[in-house]
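Got the viewer open? Load the model, switch to cartoon and follow along.

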Amino acid sequence: MTAIGLIFTGVAVLLHGYIFVMESLQWTAARTRATFGMSAAQAEATKEMAFNQGFYNLFLAVVAAIGMGFTAFGDKGIGLALVLAGAGSMVAAGVVLLASSPDKARPALIQLVPPLIGCVALLLARL
């Protein structure tokens, strides 16, 4: 179960790293605007908000990645705590997106399912 938990947490870390790149570094690029369904004017108007939001995604990914490292090579208790903090927050953010914007169910599920599976698998591995 630990391996499954680490794999799914790793997918979540990579996904949130990619979200960071889109939101903080490429927000006004045509491809990113198409992904988020925005015009150039909308992207420009929300650039500062997206920059900040992207860093939230990066920080969650970093915490979860450090937790993965502890789980794989160090203290599994510290690792689980960090994975639950980082990946658990990813799950919570996805739930908030789903609840607040049901029309964005697909991106919400993409955001929350991998870290959810990772967290559950790591918790089951501790039993």
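Start at the N terminus and trace the whole chain: its elements run α-α-α-α-α-α. With a radius of gyration of 15 Å against the 14 Å that the globule rule gives for 127 residues, the chain is as compact as a globular protein of that length (the radius is taken over C-alpha atoms, and the rule is 2.2 Å times the number of residues to the power 0.38). That's six helices and zero strands, counted as DSSP runs of H or I with at least four residues for helices and of E with at least two for strands.

A word on ground rules: this is a predicted model, where local features need pLDDT of at least 70, side-chain atom pairs count only at pLDDT 80 or more, and totals for chains, interfaces and linings use all residues. Numbering starts from 1 along each chain as its sequence is written, and side-chain values use heavy atoms, leaving out hydrogens and water.

Next, select 54-73, 80-99 and 105-125, which an unreviewed UniProt entry labels "transmembrane region"; such annotations may be inferred rather than shown by experiment. Zoom in on 80-99: 100% helix, with end C-alpha atoms 27 Å apart. Residues 105-125 are also 100% helix, and there the end C-alpha atoms are 29 Å apart.

Now zoom out. The C-alpha trace spans about 50 × 25 × 20 Å along its principal axes. Turn on contacts (heavy atoms within 4.5 Å): of those with a separation of 6 or more, 60% link residues 24 or more positions apart. Finally, colour by burial: 33% of the 127 residues are buried, meaning under 20% relative accessible area with a 1.4 Å probe, protein chains only.

How values were computed:
Buried < 20%, exposed > 50% of the residue type's maximum accessible area, 1.4 Å probe, protein only.
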